[in-house]
Amino acid sequence: QNLSNEAYRIQPAQYAAKVDQMIADHTVRQEGAFPVVHPPPGSDVYLMGRVYMWWPMLELEKGQSYRLHLSSIDLQHGFSLQPLNINIQVHPGYEMVVNVTPTTSGTFGIVCNEYCGFGHHTMTGRIYVVDRT
Ligand code: CUA
């Protein structure tokens with residue numbers, strides 16, 4: 001996993017609009033309340049922290065590169081990708097961008113490692129990595 005950080009200012013509503021657009025264009029299935037989004041390899045993908053979930057679920061392809069955008073719609077959250085232990089602070093009003101190239105397929109959990117209220121410990125999400133090679 002190669003992480004190179006960039007950060008940009010953005011209004012939460014603008015960021016939410018980008019997330020919604022990606023969900024509308026690339027949702028492949030639903031898991032409970034969560035859309036599972038399979039964006040094209042090489043594209044910009046968006047993940048949003050909010051009380052109390054990481055939204056939506058993403059499905060990425062092994063060996064492909066993506067620009068992963070992270071922001072929050074409400075409070076400060078801590079993106080923590082497990083079991084890789086990749087941690088990124090996520091603030092409302094800022095969009096973080098990391099370049100990711102998944103090297104192993106599987107299911108990766110996201111937790112929140114920044115206390116954000118009574119539901120903090122339930123704030124989870126998921127990234128699937130599938131092998132299409
Ligand atoms: Cu979000 Cu703790």
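How many salt bridges does the structure hold? Before I answer, please keep in mind that what we are looking at is a predicted model. The structure holds 9 salt bridges, and I would like to walk through some of them before turning to a glycine in a loop. As general background, side chains that carry opposite charges can pair when their charged atoms come close.

Let me begin with Glu6 and Arg67, whose side chains meet in a salt bridge with a distance of 3.1 Å from N to O. This pair links distant parts of the chain, since Glu6 sits in strand β1, residues 6-9, while Arg67 belongs to strand β7, residues 66-72, and the two are 61 residues apart. Glu6 is partly exposed, with a relative accessible area of 21%, and Arg67 is partly exposed as well, at 28%.

The next pair is Glu95 and Lys18, which form a salt bridge whose closest N and O atoms are 3.2 Å apart. Here too distant parts of the chain are linked, this time a strand and a helix: Glu95 lies in strand β10, residues 94-100, and Lys18 in helix α1, residues 12-26, with their positions 77 residues apart. Is Glu95 buried or exposed? Glu95 is buried, because its relative accessible area is 4% and the limit for that word is under 20%. Its partner Lys18, by contrast, is partly exposed, with a value of 30%.

A third bridge joins the side chains of Glu31 and Arg126, at 3.3 Å from N to O. Glu31 is in strand β2, residues 27-31, and Arg126 is in strand β12, residues 124-130, so that this pair, 95 residues apart, again links distant parts of the chain. Glu31 counts as partly exposed at 24% relative accessibility, and Arg126 is also partly exposed, at 31%. Both residues belong to a network of salt bridges, in which Arg29, Glu59, Glu61 and Arg132 are linked with them.

Finally, let me turn to the glycine. Gly93 is found in the loop between β9, residues 86-90, and β10, the strand that also holds Glu95. Gly93 is buried, with a relative accessible area of 10%. Which residues is Gly93 in contact with, if we leave aside its neighbours within four places in sequence? They are Tyr8, Arg9, Ile10, Pro12, Ser71 and Ser72. For one of these, Pro12, we can add that Gly93 is 81 residues away in sequence, yet the two C-alpha atoms are 5.7 Å apart in space.

Key. Residues are numbered from 1 along each chain as its sequence is written. This is a predicted model: local features need pLDDT of at least 70, side-chain atom pairs count only at pLDDT 80 or more; totals for chains, interfaces and linings use all residues. Side-chain values use heavy atoms; hydrogens and water are left out. A salt bridge is a side-chain nitrogen of Lys or Arg within 4 Å of a carboxyl oxygen of Asp or Glu. Helices (H or I, at least four residues) and strands (E, at least two) are DSSP runs, numbered from the N terminus. Buried means under 20% relative accessible area, exposed over 50%, partly exposed in between (1.4 Å probe, protein chains only). Contact means heavy atoms within 4.5 Å.
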